[in-house]
Amino acid sequence: MQCGKVGVIGAGTMGQGIAEMLAAQGMDVLLIDRTSEKLEQALEQIELSLDKQLEKWAITTAEKKLILSRIHRDTVMYSLADCDLVIESISEDLDQKKLLFQRLDEICPATTILASNTSTLSLTEIAAVTKRPDRVIGIHFLHPVSKIRLVEIIRGLKTSEDTFSFTKQFIENTIQRTGIQVYESPGFVTTRLICVLINEAMHTLSERVASAEDIDTAMRMGYDFHYGPLETADRMGLDALLVAMERMFREFGDVKYRPAVLLKQMVRAGQLGVKTGQGFFRYDKDGDRL
């Protein structure tokens, strides 16, 4: 089975990143969201991302135009009927995702693979609402999608070997990423590990062991992190991080997953990181540190 056209549902930060990356790899992408306004905003952000690459001579003007020409937008779900693969990237709400997969099951042909970009939710539970649980799989991209070449391929209880093999080939050969096989577990590998590290960094900050800047510098320079744990939290979104931590705490019942009080306070204060311009650090409208 060849993958000719990919649908991406959700034009938020992750959906934008996935659509841009797929188009840059030569794929025709159909980006779906509820309103044309959200889709217009998403295209503006994708164009801004491409302009930054243009400034650094990473792409040419012709390549930018070609990438944008491959991204098609629609608010109608039925447009996904001719996609070989559909990747869902809406908010981390289990009920919303289950409703979405029920609709996709009705709209898409039986051969279409339905994938979720979820970082913590059960693929088995999502797949159970469809008539094709064997064709449901997790494809977890990390932010920023264009820069991080790792993809977690998550198998639900009934994900077939054919579905996994197709997805792995798509990840590694078609879009030139490294895919790792993960069996379903809350947080999978990357979210589970990074959340514990970030949480401990917040405890360290709360205890005044070191400043936010020095904690991040220690991990960047001492362990070759691209971003320190606190800036990583800002880029993930502190609200999304809190949801992930609370879900893992409920699932595992282990205190190491209990969210730091500081995290809860910052979310309540609306200091969510890059998306609001203020988290542990301050950011401009392009997401660059001030």
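This report covers one pocket, two arginines and an aromatic pair in a predicted model.

**The second largest pocket**

The second largest pocket holds about 210 Å³ of space. Its lining is made up of 14 residues. Nearest the pocket centre lie Ala24, Gln25, Gln53, Ile59 and Ile67. Three helices each give two or more residues to this lining: H1 (13–24), H2 (36–55) and H3 (61–69). By residue class, the lining has 6 nonpolar, 3 polar and 5 charged members.

**Arg132**

Arg132 sits in a loop. That loop runs between helix H5 (123–127) and strand E6 (136–141). Is Arg132 buried or exposed? Arg132 has a relative accessible area of 6%, and the limit for buried is under 20%, so Arg132 is buried. The side chain of Arg132 makes a polar contact of 2.7 Å with the side chain of Asp105. Asp105 is also among the residues that Arg132 touches, once residues up to four places away in sequence are set aside. The others in that set are Leu104, Cys108, Pro109, Ala110, Thr112 and Leu114.

**Arg155**

Arg155 belongs to strand E7, residues 150–155. Its relative accessibility is 11%, which is under 20%, so Arg155 too counts as buried. Which residues does Arg155 contact, leaving aside neighbours within four places in sequence? They are Ser160, Glu161, Phe164, Gln181, Val182, Tyr183 and Glu184. Ile198 is 43 residues from Arg155 in sequence. In space, the C-alpha atoms of Arg155 and Ile198 are 26 Å apart.

**The aromatic pair**

A pair of aromatic rings is described by the distance of the centres and the angle of the planes. The count here is 1 aromatic pair. Phe252 and Tyr257 form this pair, with 4.9 Å centre to centre. Why does the pair count as stacked? The planes of Phe252 and Tyr257 are 25° apart, and planes under 30 degrees apart count as stacked. What is the accessibility of each partner? Phe252 is partly exposed at 31% relative accessible area. Tyr257 is buried, because its value of 2% is under 20%.

**Accessibility side by side**

The table gathers the values for the four residues discussed above.

| Residue | Relative accessible area | Class |
|---|---|---|
| Arg132 | 6% | buried |
| Arg155 | 11% | buried |
| Phe252 | 31% | partly exposed |
| Tyr257 | 2% | buried |

Note on methods. Residues numbered from 1 in each chain as written. Predicted model: local features only at pLDDT ≥ 70, side-chain atom pairs only at ≥ 80, totals over all residues. Heavy atoms only, no water. 1 Å grid on protein atoms, 1.4 Å probe; cavity = no way out; pocket = protein on both sides within 12 Å on 5 of 7 lines; lining within 4 Å. Points joined across faces, edges and corners; volume = space filled by probe spheres on them. Helix = DSSP H or I, 4+ residues; strand = E, 2+ residues; numbered from the N terminus. Nonpolar A, V, L, I, M, F, W, Y, C, P; charged D, E, K, R; others polar. Buried < 20%, exposed > 50% of the residue type's maximum accessible area, 1.4 Å probe, protein only. Polar contact = N/O pair within 3.5 Å; in protein donor to acceptor, adjacent residues only side chain to side chain. Contact = heavy atoms within 4.5 Å. Phe/Tyr/Trp six-rings, centres within 6.5 Å; stacked < 30°, edge-to-face > 60°.
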